[in-house]
Every structure is written in structure tokens, then in C-alpha cells.
Amino acid sequence: MMKTIFNNQIMQLVSPLILVGCILFSTAAPVNAQKKERTRLKAYYEKLPNNNKKISIILTQGKGKSISGVQNSEVIVSTVAADSTLELATLITDSQGETALYVEPDYSFPKNEEGYVVINVNYNGNDSLRASKRKIEFLDLNLEVSLNIIDSVKYVEVEAFELDNEGNKLPIEEIDVNMGVKRLYNTLFLEEAETDEEGIASMEFPDNIPGDSSGMITVVVKLDEHDDYGTITKTADIDWGTAVDYSIASNDRSLFGDSAPLWMIISVAVILFGAWFNFLLAVYKVYQIKKLAND
Amino acid sequence: MSSNPLANQLLDENKSFMEKPSFRWKVSVVALIAIFCLGLYALFLQITEGHLITGMRDHVVWGVYIVNFVFILGLSYAGALIAGIFHLGRVKWAIPMQRILKLITVFSLIIGPFYILLCLGRPDRIFDLFLYPRIQSPIIWDVIAIVTDLIFCIVYMYFTYIKDFALLRDNSERLNMSNWRKKFYRIFALGYKNTPKQEKLLNQALDILAAIIIPTTIIAYSLLAWLFGMNLKVGWHSSIFAPFFVLSAVYSGVALVILIMWIYRKSGKLENTFTDSHFTHLGFALMVLSLFYGYFYFSDYITDWYNMQKTYGSLWEKYLDLSQYGIAFYSSIFLITFLPAIVIGIPWFRSVKSIVFTSGAVLVGLWVARYLMIVPVLETPYLPIQDVRPDWVNYSATWIEWSLSLAGIALFILFFIFISKLAPIIPVSEMKEEQEEVKLDLSLKTDQA
């Protein structure tokens, strides 16, 4: 009797628990099985020297030291126009998870009420990776570079402005711009200045910068990763550098030239000749053994 | 020659090479061929899928392959160098191991260069090295040195076989040899009949080759060292590299000879040929070399340490940090510099088995030392590696590289197994002459008495 009551009471308590457990287990199992890794999108706006606009995108997965790019994945770039979203392009990431959208200068992005261009970047995820998105906003700033010589002193003048709806210039003050010259691998930055109330920053250009054989250099002016304006680069070519003759005499015998130094050729020849002469002498002696046997 | 009872006796004592392969022999061969085939499969995958399936990347462009290349070439040059010195020095006690030394040289020289080819992203361009060589390039020096040395060493090895081939040819009927053996020995003995004139010519040829092989191997391995030393890299750009390489080569060569002698002694019942004194002699050589190695290593380090630059410091941090290369570094130092001094230097530890064990440990230590010489250096360039994935900065060998490494070892052992079936592993004719001389000396003493 006691056994029956005990069993019944136990069963009444345990049965719902088992049921709830089964339900939880049955729902939890697929969730665990489909656990997806988190992805992260980064996007940057940049205006190139030719006035093309570039939206650089990086899609990554993992965290900490194990971050790696997500390759061959579709990323959708769109812009917000009034209340609707306008899809601009669908891009595929490369082996490092990077891709970029280039926009021609004559295309003008729709702007919101505050004058900002809004770009949305979306990644929809897949079986193993979660979806992610990124929004960037920027204002369309223009930089104009003029190169002047005043009293034998060279100046690089930069004008920063936005255009209103009628195309009038609106000067932008308190913008930090860098000035430098293009070198073989990177830009050598020389000076930094802030635009005044007229949107103009003026920087003196030094006299001792090496140029090509005719003194030509490429002056670079850059606004770097500004919160509102992104990165803007402008370049201008001018003969303000000192002329440098880069030609190398082609007949020089040197370690890194076309012809080896004579001492090296002679040394190698002597060593090789000495070794091979002795080797052939040894072979000849063994050949004589065979000859003696035949005789 | 066949009428000489001493020669017949020695040949009879060492005719195990003619015996029918045992079951154990066949199993060993099949297992080694299987390992070699795994390596071929890995090679196929590497060729079809590219270097992406190896651990090598943009920064660490050299890995286990180049470690094997340097290590195996060291063994080869060591074999030639030691054999040449023993030959010219007329070192009598070393005669039984002469053939092993020459075989190590040739087999290593055949296998080693393949590893450098495995490092090439575009192996189809290998012929450009010969079509458009630049004599200023250390790579060209190395190519010339390896090719020259390979030809010299193969011919040298063959010349040392001539007397034995002649002996075998003359005993072919008595030993009931198969037809192919008779034909083979007849052709390759070159009609050698041990006449005084023939013997003089052969000895002259061997002396000449031994004399040119010694400088050739020293130059060849120095060239390989300069291949590293000419690079303006921390850990490589050192004037001590060439002698250090030669010393390491001799060290590894002595260790390998001890190991191979012990294997033949155990499997071929050659206790009377490879005696305890052989192991003791080479054991002491091992100990002395370990002390020299320690001296070179310390000298190289202390010179740099006094003017340690930032990048050099970060390389040494990697060596000393237990979470990076610390364990490998300390282990290799212990195995290379301290273990031989302890085991061979203290009489209580010294025995044939302990010497053989130490030789194996030294070989492992020297391989690890080569790894530490190459991989951490490539992971530590002067310009910091930025904005790349961690697995591109830090090298880790894949199963492809390990399979091809094992395939090389398997091929090396297979070469030894097959060549051991061709002729005795000890130069019987040379030993016969040695015993004849001893007998002559004894008889003279008897006459005088």
C-alpha cells in the first residue's frame, strides 16, 4: 500500500518535471546545434584625389586574437533617401573579408534633413554566421588646393567648403588638414594646419624635398578620418622639388649590378677549375685501371 | 684475390647481405614504402592546391622543409668531411665505418635538396637558376656547390666499392651468387685484379678525391651558412655562421654514424666489427664537439647581447619565453651542449647504450636548433608585421609538411636497406688489408724474437 502511494506521489511530482525537461531539451538541442558565430561590419567613407567616393567595408568573424575576415560573402550597400531605402550595390568580400564601393563624382547621394549622407551596410549571415549591419553618416566636404609662391616662399593653400543646394560655397572652419609629398611607398607628411573662418589653411612648403629628375613632386593634402567628413585626399603635381639624377651606370661591376665583380668571377672560376681538374684526374686514374685490365 | 684465405674469411663473416630477405625485413620495407607513399600523396596535394595547405605564409616563407634541408645537408657534408679526414689520416680503427660515412653523404645529398624545391612557390621556374644565373647570388653558389659535391661524392663512394666488387666477383662461384649479381660485380669491378699498378692507381684516385672533397664540403656548407648570414636579419646576420654550420654538421654526422653503427651491430651481428671501442672513440668526439658547440653558441650570443637592438631583443624574448619557444630552446641547449658532457664525460654513465641514446638525443636537439634558427627569426622582422591574421604571422607546420619530412627519413632508411643488399656495409677489402698488415707486423716480431 505504502509502496503504491509513494509511487503515485512520486510519479505525480516527477511526471511534469520530466515533461518540462523533455520540452526544454527538445527545443534547446536545435538551438545549440545552430549556434552561429558573431560577425562584425566596419565601414569607412573616403573621398579620393579624383573626387571619386569610396566606401570601404570589412566583414570579420571571431573575437580577440582569433578575428579573421569573412571571405566570398555578399554585403549589401544602401542609402536612405527620404523615407525609403535605395540599394546601391551588392558586393562580394575578398579573401581578407574586405570590399569597397566606388562612386563616380557626378553621382550625388541623397541627404537627410541635416544634410548628412546615410549609408547602410548589411550582411545577412548564413548557416554558421550571424547577420550584422553598420550605418555611417557623413557630410560631403570639398577640398581645393592651390600652390602659390609669395616672395620666393612656396605656400600650399587649402580651401575647405561644402556646397549648398544652389552650388554656393560654404566655408568650413576649424578643420585640421595635413600636407605632405608622395614618396615611393607612402606619403611623407610635412605640416598640419587648421582652416580659418574663410575655410582656408595655408602651409609653407620646404625647399629641400627631393623630386624626380626634373624636380617634379606630388603634393598631398589630407583630411584624415574626420568624424563628419571622413577621409579626403587631394593631390597636385608641381616642380617644387630638387632635381635628383637617379640613373645608375649600367656597366658597373658590383654585387647588386648586372655584372659580377671581376674578383668574384675569377675566384669562382679558379675554385671550380681546381676542383674539377682534380676530379677528372681521379676519374682518369680509375679509367687506367680498366685499361690495364683489358691489356 | 679469391685465393686469399683472409679475404674469404671476412667475406664469409659478412655475407648476410646475400641472404634471402627475412619476414621482418619485408615488413620494414613495406612500412617504409607506405610512409614514403604518404609523402608522395602530400606532395601531390601541395602541387595541386599550392602552398596554402602548408604552414608557410607571406612572412614565414620557410618552415620545416628548409629545416630539413639544412639538417640533412649538414649530415651529408659531415659524412664526406669525416670520411675524407679518416682516409687521408689513414685512421685504421675508423675503416669499418668508412662506408657508412660515404653512404650517409650520398643519400643525404640526394634527399636534402628536394626539400628546398618543396619551398618553391613556382617550382616550374627552377630552370631559370641555370638559364639566368647571377654569380653574385648566394643561391647560385649553393646550387653549384651541391651539384659539384653530389657528383664528387657519388664517384668517391663508387671508387671505394671497386675493391669489394672485385672481391665479390672473384668469389661469386664459391658463394653461389645469382646471375645478376655476377654480372653486376663483373661490370662495376672495372677489371680490378689487385695488381700493384692497379692498386696504386686506385689509391691515388681515392687520395685525390678525399683531398678535394674536404675543402669542397667545407666550402659548400659555408655557402649554405652564408645564404642565411648574408641576410640582414636578426639572428642570421652573423660572421660566425659558416664555421658554426660546419661544426654543427660534423657534430650531427658523428651522432648519426654512432646510431647507424649500432643498428647494424644489432641487426647484422657485427659486434666484432663495430666494437665497444668504436663507440667510445666516437662518444668522446661527440662530447668534445658538444663543448665546441656550446662555446660557439655562447660566443655568437654574447657578441650580439652587448649591442642588443630592439628587434634582436624581441627575438630573444621568444626564445626564452616558455609560452613561445622556451621549451624547445632550453631542451635543445640541454640535449646539444650538456647531455653529451654528462653522459660521456662521467664514466659511471658511459656505456654503448648511453652513447647511442645520447647520439639520438643530439640529433633531435640539432634538428630543433635548426628550427629555432629559422622559424622564430622569420617571425621577427625589423619592420613589425601589422594588420594580418595571427596564423599568418606565426608558423605552424601542417600534416603535409610532416608527411614529407617523414617520407625523407623513410627514403633515407630504404636507401640503406637496399644498398646493404648489394655489398657488405663494411669495406671488406680495406679491412682485409688492415688485418694483413697486423699479421705481417706480428710475423716480423715473431721472426725477430
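Reader: Where in chain A does A:Lys35 lie?

Author: This is a predicted model. In it, the loop between helix 1 and strand 1 of chain A holds A:Lys35.

Reader: Does A:Lys35 count as buried or exposed, and why?

Author: The idea is to count C-beta atoms around the residue; 12 or fewer within 10 Å makes it exposed. A:Lys35 has 8 C-beta neighbours inside 10 Å, so it counts as exposed.

Reader: What separates the C-alpha atoms of A:Lys35 and A:Asp127?

Author: Separation along the chain and separation in space are two readings of one pair. A:Lys35 and A:Asp127 are 92 residues apart along the chain, and 9.1 Å lies between their C-alpha atoms.

Reader: Which parts of chain A have the lowest and the highest confidence?

Author: Start with the average, then go element by element. Chain A has an average pLDDT of 85, and 87% of its residues score at least 70. Helix 1 (residues 2-33) of chain A is lowest, with a mean of 52. Strand 12 (residues 176-182) of chain A is highest, at 94.

Reader: Over which residues of chain A is the pLDDT under 50?

Author: One stretch is residues 1-6 of chain A, where the model has zero contacts beyond four places in sequence. Another is residues 26-32 of chain A, with pLDDT below 50 and zero contacts in the model beyond near neighbours in sequence.

Reader: How is chain A divided into domains?

Author: Read the bounds, then the distance between centres, then the contact. Domain 1 of chain A covers 39-138 and domain 2 covers 142-238. Taken over C-alpha atoms, their centres are 28 Å apart. Domain 1 of chain A puts seven residues into the contact and domain 2 of chain A puts in eight. On the domain 1 side, strand 1 (residues 39-47) of chain A gives the most, with four residues. That side consists of five nonpolar and two charged residues, with no polar ones.

Reader: What is the secondary structure of chain B, and how compact is chain B?

Author: Chain B has 16 helices and zero strands. For compactness, set the radius of gyration against the globule rule. The radius for chain B is 24 Å, close to the 22 Å that the rule gives for 449 residues, so chain B is as compact as a globular protein of that length. The C-alpha trace of chain B spans about 80 × 50 × 45 Å along its principal axes. Of the 449 residues in chain B, 41% are buried. Among contacts in chain B with a separation of 6 or more, 82% join residues 24 or more positions apart.

Reader: Which residues of the largest nonpolar core touch the most other members?

Author: A core is read through its best-connected members. In the largest one, of 129 residues, these are B:Leu209, B:Tyr221, B:Val250, B:Val257 and B:Ile258. Leaving aside neighbours within four places in sequence, B:Val250 contacts B:Ala78, B:Leu81, B:Ile82 and B:Leu289. A second, separate core has 33 residues, including A:Ile58, A:Leu143, A:Val158 and A:Tyr229.

Reader: How many residues of chain B are in contact with chain A?

Author: The size of an interface is often given as accessible area lost when the parts come together. Here the count is of residues: 22 from chain B contact 21 from chain A. On the chain B side, helix 6 (138-170) and helix 8 (196-229) are the elements giving two or more residues. Helix 8 of chain B has the largest share, 10 residues. By type, the chain B side comprises 13 nonpolar, six polar and three charged residues.

Definitions and conventions: Residues are numbered from 1 along each chain as its sequence is written. Chains are lettered from A and ligands numbered from 1 in the order in which they are written. This is a predicted model: local features need pLDDT of at least 70, side-chain atom pairs count only at pLDDT 80 or more; totals for chains, interfaces and linings use all residues. Two residues are in contact if their C-beta atoms, placed from the backbone, lie within 7 Å. Ala, Val, Leu, Ile, Met, Phe, Trp, Tyr, Cys and Pro count as nonpolar, Asp, Glu, Lys and Arg as charged, and the others, Gly among them, as polar. Domain bounds come from an automatic or database domain assignment. The radius of gyration is taken over C-alpha atoms; the globule rule is 2.2 Å times the number of residues to the power 0.38. A residue is buried if 20 or more other C-beta atoms lie within 10 Å of its own, exposed if 12 or fewer, and partly exposed in between; C-beta atoms are placed from the backbone. pLDDT is the predictor's confidence in each residue, from 0 to 100. A nonpolar core is a set of buried Ala, Val, Leu, Ile, Met, Phe, Trp, Tyr and Cys residues joined through C-beta atoms within 7 Å.
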